[in-house]
2 protein chains.
Amino acid sequence: MSEDQRLTKRSEDFSAWYNEVVLRAELADYSPVRGCMVIRPRGYAIWELMQRALDDMLKATGHQNAYFPMLIPESFLAREAEHVEGFAPQTAVVTRAGGKELEEPLVLRPTSETIIYAMFAKWIQSYRDLPLLINQWANIVRWEKRTRLFLRTTEFLWQEGHTAHINEEEAETEARSILALYRRFMEEWMAMPVITGLKTESERFAGALRTYGCEALMQDNKALQAGTSHNLGQNFAKAFDVDYQTAAGQMDYVWNTSWGVSTRLVGALIMTHGDDKGLVLPPRLAPVQVMIVPIWKTDADRVAVLQVSHRVSEVLRESGLRVEVDDRDGMKPGAKYYQWELRGVPVRLEIGPRDVAEGQAILARRTGGKVPVKMDEISEFVNETLEMLQRSLLDSAKSRQAQNSVRDVTMDQLVELMAGKGGFAYGGFCGNAACEQRIKDETKATIRVIPDPDFQSERKPRKCVACGEAATTEAVWAKAY
Amino acid sequence: MSEDQRLTKRSEDFSAWYNEVVLRAELADYSPVRGCMVIRPRGYAIWELMQRALDDMLKATGHQNAYFPMLIPESFLAREAEHVEGFAPQTAVVTRAGGKELEEPLVLRPTSETIIYAMFAKWIQSYRDLPLLINQWANIVRWEKRTRLFLRTTEFLWQEGHTAHINEEEAETEARSILALYRRFMEEWMAMPVITGLKTESERFAGALRTYGCEALMQDNKALQAGTSHNLGQNFAKAFDVDYQTAAGQMDYVWNTSWGVSTRLVGALIMTHGDDKGLVLPPRLAPVQVMIVPIWKTDADRVAVLQVSHRVSEVLRESGLRVEVDDRDGMKPGAKYYQWELRGVPVRLEIGPRDVAEGQAILARRTGGKVPVKMDEISEFVNETLEMLQRSLLDSAKSRQAQNSVRDVTMDQLVELMAGKGGFAYGGFCGNAACEQRIKDETKATIRVIPDPDFQSERKPRKCVACGEAATTEAVWAKAY
């Protein structure tokens, strides 16, 4: 695809826009393997920044990283009845290895509960071994029918936390704390607001007691499930014999939680902030935060502007920023601007001969606006600009979400909304799966979550959207990725 | 295995000692999946420190991380004749996925040349796209007959670099620069000296023009291949059509290199520095560098020593160290010392009531020796001690290697040496594969490398160890893992 070719506008075809941004900003590429993508350096660098931030948060809350085998005996999956039903249809299976047919086929992990709890059974003997708080960064394989770069791929990267606790209360606290940690990460780092809450039975993780989720609203007004956290109860503990001696000397099964976010978050980032010029990155997750573009015509000018550009780069780097100088010959400044805007760099500094003479640079924000900056204030000014950009991206995303959320919907409104502009629809729910299904059939919208108190309407709806009977709770509907 | 049970001595059974250290220091565990290990948090934390250090070094030399699919079409392997011959017997193959038989089976990557160069063919059009310097952190599967924790496992973790260059000279420079970078990492971080050099044809990577390697001598006097770097020539470029337009406007194939180190390095670290008390970690790769053990009998003492211990911990942490306080109740100090020695913590600080009164702590080095340290000098003293320990571990390993290296061996000496104490044997080599094979048959030793000039004997041997004809080079023999 040529760089000169205009990017499809979001309003014309959001899905085409998304694919073009991913490919032209060189974040990922299609591979020769069905449904598997290649994460290119510019995309992987974003994932690495996400990993670092999330890993620090998980370690700060007492979680330790470990690594478990990717290959899982097929029989392990079958030990938890709901789990195998949920995952078996999606598995990829190794049947041959070292030139021979295997006696027992090995499944590529679609998630690691089974292999991890088999090990927990070995490690946990006593209440003194609890809680056990483990996290793993790993690749996962799920045989998906329809795939989309970053959003749904046969192989993807993720972190999966797995913990064991002495009782239900502790497990529940862990599952909810992680949900809050995810929300904090998504807001503070991704500048992406989310609604958090409980999933209904139909959307629950296969084998869990309760599933919680983070839901973000993309610019096409479809919801994206950005992360989930499960209270697994004692289901896996019983299936894998993870028992321990209590302080009172009796035997009991542990309570488990598991939770994860994946490279899908890169897709979420693109669809939350991108614009018709391409990618827009929040500064904290931008691999390059500042791109300096020197501008020259004569050789004498070239020497001067390059010298100043590299000095500014040094100064900014010393202040802790990720900075590059685009000193490529034979490419016009305008073409460089276009390229770095497409790739989402938050701040551009233009430095030409006149700027050198006047002791300034021109700062252009990715989200619009140019201002001259005095050289002796540049470090402070650029740092403040980046902080401001980080905040304003979150603010914009929040107000977009608020504008596209409707409270206390009726069935007619829900049908109309989901046939039209979409968004989050809050309404009453009687708790009956039949009502949930009916709404899904008529609107293609699903209950994304029963929202946490923080995200509930001030006055809870009284009636179920579908049946009109008394509502037991409020629910949030949306069409979803 | 009980903690009270005595560790097997290295001199009694090095192999049993190694397994016991890995298991009892909780670095790794056997899994229910044949040949696959679980890397436990204490082992994974060492790997994470290695990753961080090496990743920084690779990025500082212009390499970028990316991620490629783990599943490779079986036909890709076959495109490079030597490559498929080398790796096909070791592959694990997915034949079934999503409930159906696959039309083309997919191999779990035994290494990623084929899938990566298939993508390079898409990305590289012009000399302006070169060099392309990519690195990937990934899991690898090779169906090994005999496995050992960390040293040889069916699945392992590694980094694999893959680069493309305009000519042989640049590719050769890259392959050698990486070898030097690996050596620097192994010496400066792992405190592990290595001999670097060229591999003979029989030990060359399947599909490479030339393979270089880093060889370290373990305490049982067997060599461990710690890392390899390959100049792949144009072999893969031709197999995968990775061609480009030169500056002169003609089409040419790129020159590739690939190189990697794996979780095997954790095994190398254990076997280089461990002693009869267990693991010994070089401070730069120790997840916990300082363990503070408070000592008390009365409740009043407990309050005082814990307060001081946590204050010291804060001070040391602020100076950039990784510190923990072992404040467990109901465990005697001696039992704690034993445990942290087994786990290789470089420095222990003991703080009892008398130490609190005298404003000091007792510093115990993992490698022996105790000294009192005044509280107001503690940060400086501990930091200096750790630097000194890092240096002295390298010095000890270097002198052990020197003591176990023999120069200018004859065939008789080589036979005797390899039947006895082992080690590195330097001797003349005529370059003939038949001589190499004969020595292997008679001594079980292989040529580890044709050493780089830096590691060669001052006076090169004149005759081939095996045939007595004129030597074309010096070679280093050893029995190897």
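Two residues are in contact here if their C-beta atoms, placed from the backbone, lie within 7 Å. Keep in mind that this is a predicted model.

Q: How many residues of chain A are in contact with chain B?
A: Let's start with where the two chains touch. On the other side of the contact, chain B brings 38 residues. The number for chain A is 38.

Q: Which element gives the most to the side of chain A that touches chain B?
A: Several elements of chain A give two or more residues to this side, including helix 2 (41–60), helix 5 (113–123) and strand 8 (155–165). The top contributor gives six residues. That's strand 5 of chain A.

Q: Which class, nonpolar, polar or charged, has 25 residues on the side of chain A that touches chain B?
A: On this side, eight residues are polar and five are charged. The class with 25 residues is nonpolar.

Q: Which residue of chain B stands opposite A:Ala92?
A: Strand 5 of chain A pairs with strand 5 (residues 92–97) of chain B in the antiparallel sense, over five bridges. The partner of A:Ala92 sits in strand 5 of chain B. It's B:Ala97.

Q: How are helix 9 and helix 12 of chain B set to each other?
A: The axes of helix 9 (residues 299–318) and helix 12 (residues 378–403) of chain B come within 9 Å and cross at roughly 60°. Helix 9 of chain B brings B:Val312, B:Val315 and B:Leu316 to the contact, while helix 12 of chain B brings B:Ile378, B:Ser379 and B:Val382. The crossing is right-handed. Given that angle, the two helices of chain B are therefore oblique.

Technical notes. Residues numbered from 1 in each chain as written. Chains lettered and ligands numbered in written order. Predicted model: local features only at pLDDT ≥ 70, side-chain atom pairs only at ≥ 80, totals over all residues. Axes fitted to C-alpha atoms, helices over the stretch in contact; angles between N-to-C directions. Helix = DSSP H or I, 4+ residues; strand = E, 2+ residues; numbered from the N terminus. Parallel < 35°, antiparallel > 145°, perpendicular 65-115°, else oblique. Left-handed = near helix turned anticlockwise from the far one by under 90°. Nonpolar A, V, L, I, M, F, W, Y, C, P; charged D, E, K, R; others polar. Pairing = 2+ DSSP bridges.
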